[in-house]
Every structure is written in C-alpha cells, then in structure tokens.
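Reader: I'd like a close look at one part of this model, and then a walk outwards from there. Could you take me through it in plain terms?

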Amino acid sequence: VPEHAAIAGQAPSTVQPPAFDEPPESFHLNPRQIRQLVSVSVIIILGFIGWKLLFSPRQQPSADPASQSTISTSVPAPSSPAAREALPPATSQTLTRQEQVAQKALRDRRRSLNLRHDFFADLVDEVFYARHPDLKGQSLSMQPEQQALRMEWNAIAEGLLNRLKALSPAARRKLGGYGQSDYDRWTAIAQRNNLSIRTLQILTDVRFTYLFSEQKERSSDLGQFSQVWYAVMEDQLQAIRTNAILQTIQLPANGLSQSSGVLNVGQAKVYIVRLEKDQSVQLTLQAPAQSTQLSIYAPDQSSDRALVENSTNLTWSGKMPQSGYYEIVIVSTAPETVGYQLKLSQLAEG
C-alpha cells in the first residue's frame, strides 16, 4: 500500500511538498567552501561550453545566390553539380579546387549568355541522364568516386553553352518560357509573308539539326530541347523579316527569272513566287555537286503540296496544279559555305 494511502475509515493525511527555500541548518556553507564550489562550477561550465563548440554541428551561413555559387546535395534529381549557385560547404565532401573553378566558369558563361539557371540545368541533365539511364532519379553526390561523372556533366554543360551561343540574345533570354502563344504569333507572321508554317518548320529543323545533330532522332519528343527548337524558330522569323533567308521573286514577261546567293553551313533559304494554274515552268538550281537539296511546295491549301522534296536532282519542270504562292526551298548539306544560282523559266505551251 502506498505510504500516504488512506486507511479504511480514516481521512487521508495531507502531504506537504518539501520546502527548498531554506536549506537545513546542516547544509550551511562557510565562505571558503562557497569559493571552492564556485570555482568548480566555473570549470564545469567552461568545459561544457568548449565541448559544444568543438563537437556540435555548425550552422552554415545562408548563401546569396546572386554573389556565390553553391552545390546542394539535398535537392532531388534532376539537380547536378553545376546546377547550383553557391560554393559548397566546408566539409569533407567539398569538391576539388579544379571542379570549383570549372563550375564558377560555367556559371559566369551561363550568366553572360542570359540563360535561365533552372532551364539550363534541366537541359544538361537531359543529355547527361540519357547517357546514364541507370542514374536517372539520382543526384550526383560530392563523393570522390563520382568525380568522373561530375566532370562529364560539366563537359556537357560547356558543349551546350558553345552551341546555345549561336542563338540571338533575345531568343536565349526566353528559353524556358516559350509557349503556344509564341507559336501562334509566328504562324501569323509567316502567313503575312506568304510563307506556310510547314516551310517555317523546315527552316527551323535545318538550323536546329545543324546545332544539335544528336537530337535529330527525337523529332517526335524533344523534351527540354523543344524550347531550343522554339528559340531557333524565333531567330528564323527574324531572318525572314530582314530578308536574310526569304526572298520574293517574279516571273517577268520575258519568262526568265534569275537569283543567286550564298548558303552558310546549316542554312536554308526560301524563294516565293506567284504562279498560275496550268502555267508550265522549269526550275534549275546550279550549285556544287551534293552540296544542296531542293524542295518545291505548292500553295498551302493544296492537297499534295510537295512537287519535289529534299531532292539532290536540282532540275524540275511541270505544270502548276493551282494558282497561288509557291515556295522554293534550298537547303545546304555541305560542310562549307556554297554559292548557288537559281533559274526559273516559263516553258512554251504545247
């Protein structure tokens, strides 16, 4: 039975808690004992503080992403080393000096090209994890055994920066932000220039494939690279506005039109000409052998638009299936700049 439990028939006694205000008389200390006790207490407290300083985890200062460049290993993939914006924390997992210098250089180049950080990191991740599908869903750590993978990631980033540099500053700034409204606007611009959206896509494909040839097989699903494709299209629209890749020609009364030009590597040009139904014409493209491909497209409303497509045979003749604007597309397939001459002549009837 507990010491203070009630006895049958009696009221339980009231239990008072011990008082700690005044110590019992036997606990009174003399001045010398007090000084000794204080000294021991100070030593104990200082020892405890020293232990806390030596062995407790240190709170890392927060990084300013605008002024530093950090690597975070706590963020789930896809988040690779150069995708972070501050120097790594000073731990045993710190990257080598060589890697830190390389990542700072990548950060500075990316900023100089006005590329969005998150978009660029995702773009590099897409290439990296396509090469290493077994690592998909994993973040690269700062452990020494993954140094080769981190260096490969950096090399991919460097290569992409070299190619993205070919885009205009305006197109680069919008990477990661292109949407349907942009595509609709471009379609309207193309139509105002008597250019079909299909031909605009061809112009874009030619340039995009030149810059990112390894993406050629992914035409149905470009992933993050679809944003790059849109950026290329925007640049092609600008080239159309300035007549750099688009020219309108006429077939004069004498029945002969001639144009000449130069194609850079990975470039295509379009000539637009108004022709009438049943008009007989002959088109000849003079260029170095195996340096170009020729396509001729009927007006956009035609059921069978391609009169000839991606042909290395540079001569075509026939009757026009309908009246309207025809598109003549010349694509460079040469590894160097090539000159060409285009001749369009009207054939005699009969």
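Which element supplies the largest share of the lining of the largest pocket?

Author: Helix H7 does: 7 residues of the lining of the largest pocket come from H7, the largest share. Keep in mind that this is a predicted model.

Let's stay with that pocket for a bit. The largest pocket holds about 640 Å³ of space. Its lining counts 27 residues, and Ile-202, Asp-205, Val-206, Thr-209 and Lys-216 are the ones that lie nearest the centre. H7 itself spans 197-211, and H8, E5, E6 and E8 also each supply at least two residues of the lining. By class, the lining splits into 11 nonpolar, 11 polar and 5 charged residues.

Now take the elements that line the pocket and see what else they carry. H8 covers residues 225-241 and includes Tyr-230, which is a handy entry to the aromatic side of things. A search of the whole structure turns up 9 aromatic pairs. One of them is Tyr-178 with Tyr-230, a tilted pair with 6.4 Å from centre to centre and 50° between the planes. That pair links distant parts of the chain: Tyr-178 sits in the loop between helix H5 (169-174) and helix H6 (180-192), 52 residues from Tyr-230 in H8. Tyr-178 is buried, at a relative accessible area of 7%, whereas Tyr-230 is partly exposed at 24%.

Tyr-230 has another ring partner as well. The ring centres of Tyr-183 and Tyr-230 are 6.5 Å apart and the planes meet at 65°, so this pair is edge-to-face. Tyr-183 belongs to helix H6 and Tyr-230 to helix H8, so here too the pair ties together parts of the chain, 47 residues apart in sequence. Tyr-183 counts as buried because its relative accessible area is 19%, under the 20% cut-off. Step back and you'll find these three tyrosines in one aromatic cluster, made up of Tyr-178, Tyr-183, Trp-186, Trp-229 and Tyr-230.

Back to the strands of the pocket, E5 and E6. The loop between strand E5 (292-297) and strand E6 (306-311) is where you'll find Arg-305. Arg-305 is an arginine that counts as buried, with 12% relative accessibility. What does its side chain meet? The side chain of Arg-305 makes a polar contact of 2.4 Å with the side chain of Glu-327. Beyond its neighbours within four places in sequence, Arg-305 is in contact with a mixed group: Ser-196, Arg-198, Thr-199, Ile-296, Tyr-297, Ala-298, Pro-299, Asp-300 and Glu-327.

Strand E6 has something worth a glance too. Asn-310 lies in strand E6 and has a positive phi of about 50°, although it is not a glycine. Asn-310 is partly exposed, with a relative accessible area of 46%. Gln-290 also has a positive phi, near 55°, in a residue other than glycine. Gln-290 is in the loop between E4 and E5 and is exposed, at 62% relative accessibility.

E8 takes us to enclosed space. The model has 3 cavities of 30 Å³ or more, and the second largest has a volume of about 50 Å³. Strand E4 (280-286) and strand E8 (324-332) each give at least two residues to the lining of that second largest cavity. Which residues line the second largest cavity? They are Leu-275, Val-281, Leu-283, Ile-296, Leu-307, Trp-316, Met-320, Tyr-326, Ile-328 and Leu-344. By class that makes 10 nonpolar, no polar and no charged residues. Ile-296 turns up again here, as a lining residue of the second largest cavity as well as a contact of Arg-305.

One more stop, in the loop between strand E2 (256-263) and strand E3 (268-275): Asn-264 is placed there. Asn-264 is partly exposed, at 41% relative accessibility. Not counting residues up to four places away in sequence, Asn-264 touches Ser-332 and Thr-337. The C-alpha atoms of Asn-264 and Pro-335 are separated by 8.8 Å, with their positions 71 residues apart along the chain.

To place all this in the whole chain: the secondary structure comes to 8 helices and 9 strands. Of the 350 residues, 39% are buried. Among contacts between residues at least 6 apart in sequence, 71% join residues at least 24 apart.

Conventions: Residues numbered from 1 in each chain as written. Predicted model: local features only at pLDDT ≥ 70, side-chain atom pairs only at ≥ 80, totals over all residues. Heavy atoms only, no water. 1 Å grid on protein atoms, 1.4 Å probe; cavity = no way out; pocket = protein on both sides within 12 Å on 5 of 7 lines; lining within 4 Å. Points joined across faces, edges and corners; volume = space filled by probe spheres on them. Helix = DSSP H or I, 4+ residues; strand = E, 2+ residues; numbered from the N terminus. Nonpolar A, V, L, I, M, F, W, Y, C, P; charged D, E, K, R; others polar. Buried < 20%, exposed > 50% of the residue type's maximum accessible area, 1.4 Å probe, protein only. Polar contact = N/O pair within 3.5 Å; in protein donor to acceptor, adjacent residues only side chain to side chain. Contact = heavy atoms within 4.5 Å. Phe/Tyr/Trp six-rings, centres within 6.5 Å; stacked < 30°, edge-to-face > 60°.
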